[in-house]
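Please open the model in your viewer and keep the sequence panel beside it, since each stop on this tour begins with a selection.

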Amino acid sequence: MSDEVLVSVEDGVMIVTINRPKAKNSVNLAVAKGIAAAMDELDSNNDIRAAILTGADNTFCAGMDLKAFVTGELPVIEGRGFAGLCEATPKKPLIAAVEGYALAGGFELAICCDLIVVADNAKFGIPEAKRGLAAAAGGLMRLPRQIPSRIAMEMALTGDFITAQRAYDLGLVNKVVEAGGALEGAKAFARSIAANGPMAVIASKKVVIESQDWQQSEMFPEQAKIVDGVFTSHDAIEGATAFAEKRAPNWKGC
């Protein structure tokens with residue numbers, strides 16, 4: 001891992017921190033490689049159940065490093081896209097913990113996460129048009145699926161920012177906390193997720209995401225391909241047995 005991306009694991013939860021505070025945690029190629037490596041570890045390590053993406057020193061991410069961009073450096077990983085994440089998210093849950101600014105590519109990183117916890121001082125926006133660019137790392141495509149399309153259009157065309165409260169009112173974020181508390185808020189979500197059956201969590205995430213593109217006639221058959229194995233797993237029996245015996249389940253992930 002690079003010093004520009006810090007990774008730690010505690011109680012089955014990975015914490016990935018973009019660590020370029022002097023550059024407002026903007027994404028260069030080193031950051032993209034670090035995030036991609038962390039996501040690979042998240043999905044391959046059975047002891048890790050969920051991850052949190054955050055930024056150092058009370059700023060989430062100001063987007064792509066424009067100084068690096070003008071020299072020809074692109075923070076894109078083949079098969080994963082911008083920042084090593086935006087085109088290929090992990091199969092396990094990923095939570096954004098946002099303090100300060102989440103702008104441009106930083107905003108796109110946040111909205112490709114499964115849950116978002118934000119400080120009340122956070123600001124969000126896709127101001128690429130103000131710089132003659134476009135929010136091509138998912139902002140123009142994901143945002144209309146997450147908030148009303150006309151609000152997404154307004155943000156894309158004006159480049160103006162919205163507040164944490166506005167983001168919450170639009171249903172874009174899960175929780176608003178006091179400044180300085182986003183990481184702890186994200187950890188609370190992560191602990192709840194990590195306590196659940198790992199197969200069930202992965203399958204549930206997959207259905208929620210992929211079902212957005214299913215036709216009504218194919219919804220249940222397509223869902224069955226994903227969840228049927230959950231119902232015949234060891235963990236399904238263990239979960240039911242633990243409930244009956246009033247004890248915590250001992251998940252095996254199979």
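## Salt bridges

Counting as a salt bridge any side-chain nitrogen of Lys or Arg within 4 Å of a carboxyl oxygen of Asp or Glu, the structure comes to twelve salt bridges. This is a predicted model, in which local features need pLDDT of at least 70 and side-chain atom pairs count only at pLDDT 80 or more, while totals for chains, interfaces and linings use all residues. Residues are numbered from 1 along each chain as its sequence is written, and side-chain values use heavy atoms, with hydrogens and water left out.

Select E4 and R20 to begin, whose side chains meet in a salt bridge at 3.0 Å, N to O. E4 lies in the segment before β1 (5-10) and R20 in the loop between β2 (13-18) and α1 (29-44), so this pair ties together parts that are 16 residues apart in sequence; helices (H or I, at least four residues) and strands (E, at least two) are DSSP runs, numbered from the N terminus. R20 is buried, with a relative accessible area of 15%, whereas E4 is partly exposed at 22%, where buried means under 20% relative accessible area, exposed over 50% and partly exposed in between (1.4 Å probe, protein chains only).

Go next to E245 and R247, which form a salt bridge with their closest N and O atoms 2.7 Å apart. E245 is partly exposed at 48% relative accessibility, and R247 is partly exposed at 34%. If you then add D65 to your earlier selection, you will have E4, R20 and D65, which salt bridges that share partners join into one network.

## A helix pair

Now select helix α8 (residues 198-210) and helix α9 (residues 219-231), which pack at an angle of about 170 degrees with their axes 9 Å apart; the axes are lines fitted to C-alpha atoms, for helices over the stretch in contact, and angles run from 0 to 180 degrees between N-to-C directions. The two helices, α8 and α9, are therefore roughly antiparallel to each other, a label used for angles over 145 degrees. The contact (heavy atoms within 4.5 Å) is made by residues including M199, A203 and V207 of α8 and I226, V227 and V230 of α9.

Staying on α8, show the side chains of E210 and K206, which form a salt bridge with the closest N and O atoms 2.7 Å apart. Being four residues apart in helix α8, E210 and K206 are separated by about one helical turn.

## Two strands

Which residues does T54, in strand β3 (residues 50-55), contact when its neighbours within four places in sequence are left aside? They are I15, V16, T17, I18, F60, A97 and L183, and T54 itself is buried, with a relative accessible area of 7%.

Move on to A102 in strand β7 (residues 101-103), which counts as buried at 0% relative accessibility. The C-alpha atoms of A102 and A62 are separated by 5.7 Å, although these residues are 40 apart along the chain.

## Positive phi

Most residues other than glycine have a negative phi. Select A83, in the loop between β5 (81-82) and β6 (94-98), where phi is near 60 degrees, a positive value. A83 counts as buried at 0% relative accessibility. For the last selection, take K246 in the segment after α10 (234-244), with a positive phi of about 55 degrees; K246 counts as exposed at 79% relative accessibility.

Key. Parallel < 35°, antiparallel > 145°, perpendicular 65-115°, else oblique.
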